[in-house]
Amino acid sequence: MLKHFFLLFILCCWYSGFSQAKDDQAESYYVKGEFKKALIIYENLVKESPFNYKYNLKLIDIYQQLELFDDAREIIIKILSQRYNPMTVVVLGYNYQLEGNKLATDKYYNDAIVFIDENPNYIYSVAKKFEDYSLLDKAIEVYKKGKILTPEKNYSLELARIYGDLGDIELMFSSYIDFIAFSPGHINSIKRAISNFISEDNSNVNNIYLRRQLLKKIQQEPTIYWYEMLSWLYVQEKAYNKSFIQEKALYKRSQESFYRIIELASIAHENNDDETAKTIYNFILESTQNLGALLEANKSLLEIETKNADDKMILEIDKTYQSLFEEYGKSDRTLPLQLAYGKFLAFNLKDTESAIKFLKKSLKLSISKFQEAEVKLLLADILVLQEKYNQALIYYSQIQVSLKNSLLAQEARFKVAKTSYYKGDFDWAESQLNILKSSTSQLIANDALDLKLLISDNKYEDSTQTALKQYAKADLFAFQNKTKEAITLLSQILKDHKGESITDQTLFQQAKLFEKTKQFNKAELNYLEIIKDYGEGILADDAHYYLAELYNTQLANPEAAKEHYERIIFDYQDSIYFIEARRRFRTLRGDLLN
């Protein structure tokens, strides 16, 4: 008995495998558009398994592809006689549509839709069948009916997807907003879905659609998630001050949202919106006793103040750091503040020895391996500042060994390359940069690529590599905050190597340093020279954008600013500055952006 059962089992497995092989072959023919070959196999499969729904549907599809509508209808009606199914009714309606019989088409589509009134469990499957035939209006009708018949299931996500496919972004946003109201816990996934349809440009029509709908929701029902969504939209547009208004309104309704204000401050700070960042950090200082938040706010405020501080302010900032250490102490909790102070001592007070001594004390604290690496990274930077390259390389190498493949290790490798570049060892620098081009950090990868291109484009200009070595030295001066020396050396390069491949890069670097020292007219001349003589080069769009910014913010010439923003819009559409240039151009033109 067992022997017969085993034999039967083997035969069933063999038959199943054989049928699957034929199915796979038929599917291969179908995909290639060889419908007649696929037809023969599926007809045999249906004969062998007459109740296999999948085989029958495939056979119907092939008949329709071959315009054998009568054969297709015969199978459909046979299936319906065995078991009434509204999806099969849709298939029958579609068959009549292919035949051009509108009356029958409408009847069967309507029958399928009416059927779900009494059988709402079929809502999704009927709508999906309409979608399969690209009958999106019918699918929308079914999903809308489903929202009424089964409100606990909602279907707003399905509607949003269809409206997106139809290009009706306004209705798509409306459906996503309906789903947030239905299920607020999915707000972050909705943000991700919406993010593909909006941009940094607040005059983008999609941004306007979303902003209007959210403002309307806030007016109708001021629930916290509408404030959160509007704040998120403003962050995408880099309108951090407007986002802060929403976050404060959120905070009044839910004290738990305070972490979002801290995050917003950090984003504004990272994106150089110093005024908004200062406003938010001061709000944080007034609103919490959380130690981490207080330390971060104080540190960031000091970093912002340091940017444009004169000698007198620098001394006041130093006193503030000291008072903070007196209040909060020096421990692993205050390590970010210690790192900020170490950098301040070295790069602003220019007291590198005190900075090194201070940071070496930080290394003796009970800190994690990652925190230790952060301290060593800064110590190495300061040693480069002192031009003690070999000692710096020891620290960088230690980080790479202790935290292999981490972002800190990749940053350390980039610093190794930069240090080798400062020393004039361009071959070793290039070898490190080649590895970093595929860094998991896009910022490091971009910086590595930029430096590699600078080296590779210029190291063969002459056998002594004089211009490149001088440029690297000027770059080091800039890193050391020896701005005047850097400007002077770059002028020497422009004089001795005018017309060589490094000229446009030298003009650009010098222009940035002129801006730093508020020599705006000299910066203007450099940018204009790049545009005139190197208009086809890789720095042309950079020159247009920074010159426009200069006219817009420092030289009070908005018409000239508009001209250069416009050049980016029309001549450099793949530029990283395109979106911002368009936004600023429209602002100067007086477009209504809110």
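# Close-up views of a predicted model

**View 1. A glycine follows helix α18.** Gly329 sits just after α18 and takes a positive phi of about 80 degrees. The model shown here, and in every view below, is predicted. Helix α18 itself covers residues 311-328. Its 18 residues should span 26 Å at 1.5 Å a residue; the end C-alpha atoms are 26 Å apart, so the two values agree.

**View 2. Helix α18 has a buried side and an exposed face.** Ile314, Ile317, Asp318, Tyr321, Leu324 and Phe325 are the buried residues of α18. They cover an arc of only 120 degrees around the axis, so they lie on the same side of α18. An α-helix has 3.6 residues a turn, so residues three or four places apart point the same way. Turned away from the buried side is a face with the exposed residues Lys312, Lys319, Glu326 and Glu327. What covers the buried residues? Helices α17 (291-307), α19 and α20 (352-363) are among the elements that do. Phe325, one of the buried residues, also has a lysine over its ring: Lys330 lies over the face of Phe325, at 5.4 Å from the ring centre.

**View 3. Two rings stack within helix α19.** The structure holds 30 aromatic pairs. In one of them, the ring centres of Tyr341 and Phe344 are 6.1 Å apart and the planes meet at 20 degrees, so the pair is stacked. Both residues belong to helix α19 (residues 335-347). They are three residues apart, about one turn of the helix. Are they buried or exposed? Tyr341 is buried, and Phe344 is too.

**View 4. An edge-to-face pair links distant parts of the chain.** Phe508 and Tyr546 pair edge-to-face. Their centres are 5.6 Å apart, with 65 degrees between the planes. Phe508 is in helix α28 (residues 503-516), while Tyr546 is in helix α30 (residues 540-553). They are 38 residues apart. Phe508 has a relative accessible area of 11%, so Phe508 is buried. Tyr546, at 22%, is partly exposed. The cut-off explains this split: buried means under 20%. Both rings belong to one aromatic cluster, together with Tyr527, Tyr545, Tyr565 and Tyr577.

**View 5. A lysine lies over the face of Tyr108.** The lysine is Lys107. Lys107 is 4.4 Å from the ring centre of Tyr108.

**View 6. Helix α25 is covered by other helices.** Helix α25 (residues 442-458) has 17 residues. From its first C-alpha to its last it reaches 24 Å, close to the 24 Å expected at 1.5 Å a residue. Which residues of α25 are buried? They are Ile444, Ala445, Ala448, Leu451, Lys452, Leu454, Ile455 and Asn458. The cover over them includes α23 (407-423), α24 (426-436), α26 (466-479) and α28.

**View 7. Gln410 is buried in helix α23.** Gln410 has a relative accessible area of 12%, so Gln410 counts as buried. Leaving out residues up to four places away in sequence, Gln410 touches Asn405, Leu436, Ser439, Thr440, Ser441 and Ile444. Ile444 is one of the buried residues of α25.

**View 8. The largest nonpolar core has 97 residues.** Tyr321, Leu359, Ile382, Tyr396, Tyr421, Ile455 and Tyr527 have the most contacts inside this core. Which helix gives the core its largest share? Helix α21 (residues 369-385) does, with ten residues. Take Tyr396 as an example. Neighbours within four places in sequence aside, Tyr396 is in contact with Leu377, Ala380, Asp381, Val384, Ala412, Lys415, Val416 and Thr419. A second, separate core has 71 residues, including Ile60, Tyr94, Ile187 and Trp232.

**View 9. Two loop residues other than glycine have a positive phi.** Most residues other than glycine have a negative phi. Asn154 has a phi near 75 degrees. Its place is the loop between α8 (136-149) and α9 (156-166). Lys518 has a phi of about 65 degrees. Lys518 lies in the loop between α28 and α29 (520-533). Which is buried, and which is exposed? Asn154 has 8% relative accessibility, so Asn154 counts as buried. Lys518 has 59%, so Lys518 counts as exposed.

Methods
Residues numbered from 1 in each chain as written. Predicted model: local features only at pLDDT ≥ 70, side-chain atom pairs only at ≥ 80, totals over all residues. Heavy atoms only, no water. Phe/Tyr/Trp six-rings, centres within 6.5 Å; stacked < 30°, edge-to-face > 60°. Helix = DSSP H or I, 4+ residues; strand = E, 2+ residues; numbered from the N terminus. Buried < 20%, exposed > 50% of the residue type's maximum accessible area, 1.4 Å probe, protein only. Lys NZ or Arg CZ within 6 Å of the ring centre and 35° of its normal. Expected span 1.5 Å × (residues − 1). Contact = heavy atoms within 4.5 Å. Core = buried A, V, L, I, M, F, W, Y, C linked by side-chain atoms within 4.5 Å. Arc of directions from axis to C-beta.
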